[in-house]
Amino acid sequence: QVQLVESGGGLVQAGGSLRVSCAASGRTYIMGWFRQAPGKEREFVAAITWIGGNTLYADSVKGRFTISRDNAKTTVYLQMNSLKPEDTAVYYCAARTRLGLGSRQYEYDYWGRGTQVTVSS
């Protein structure tokens with residue numbers, strides 16, 4: 001059984017930075033971050049492999065967000081810089097138990113409960 005617990009959300013001003021974390025238990029190969037803004041569908045943000053640290057990003061966050069992992073702590077991080085009001089969303093951690101980076105929700109098998117990130121203008 002895989003369990004995911006997010007932390008680190010909060011309120012930040014536009015242009016600021018925030019880091020969210022996801023502590024994972026259980027065997028997984030890929031970890032991802034998705035987000036869902038009010039009234040919008042959940043969308044892919046970034047993903048990383050535990051082995052090798054290969055990454056994948058949505059175009060909307062490239063150059064601003066960085067996903068990383070600490071294998072010893074089985075924790076994945078999403079460092080968010082140059083935040084914009086449109087980054088406001090609930091950020092969800094997700095885990096994939098098969099090989100291969102993915103950006104589709106159906107490719108992920110387990111989900112955390114989410115953490116709120118609010119960017120004020």
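1. A good place to start is F34: with a relative accessibility of 0%, this residue counts as buried, since the cut-off for buried is under 20%. Please keep in mind that you are looking at a predicted model.

2. Which residue does F34 pair with edge-to-face? Its partner is F44. The two ring centres are 5.5 Å apart, and the planes meet at 75 degrees. F44 also counts as buried, at 12% relative accessibility.

3. It helps to see where these two rings come from. F34 belongs to strand β4 (residues 30-36) and F44 to strand β5 (residues 43-49), so their pairing ties together parts that are ten residues apart in sequence.

4. Now widen the view a little. Searching the whole structure gives four aromatic pairs. Through ring pairs, F34, F44, Y108 and W111 are linked into a cluster.

5. Do have a look at R42 as well. The charged end of R42 sits over the ring of W111, 5.0 Å from the ring's centre, and W111 is a member of the cluster just described. R42 also lies over the face of Y92, at 3.7 Å from that ring's centre.

6. Finally, turn to strand β1 (residues 3-7). In a regular strand, side chains alternate between the two faces of the sheet. Here the covered face of β1 holds L4 and E6, while Q3, V5 and S7 are on the uncovered one.

7. What does β1 pair with? Strand β3 (residues 18-25) runs antiparallel to β1, and five bridges join the two. Q3, from the uncovered face of β1, has S25 as its bridge partner in β3.

How values were computed: Residues are numbered from 1 along each chain as its sequence is written. This is a predicted model: local features need pLDDT of at least 70, side-chain atom pairs count only at pLDDT 80 or more; totals for chains, interfaces and linings use all residues. Side-chain values use heavy atoms; hydrogens and water are left out. Rings of Phe, Tyr and Trp (its six-membered ring) pair if their centres lie within 6.5 Å; planes under 30 degrees apart count as stacked, over 60 as edge-to-face and the rest as tilted. Helices (H or I, at least four residues) and strands (E, at least two) are DSSP runs, numbered from the N terminus. Buried means under 20% relative accessible area, exposed over 50%, partly exposed in between (1.4 Å probe, protein chains only). A charge sits over a ring if NZ of Lys or CZ of Arg is within 6 Å of the ring centre and within 35 degrees of the ring normal. Two strands pair if DSSP finds at least two bridges between them.
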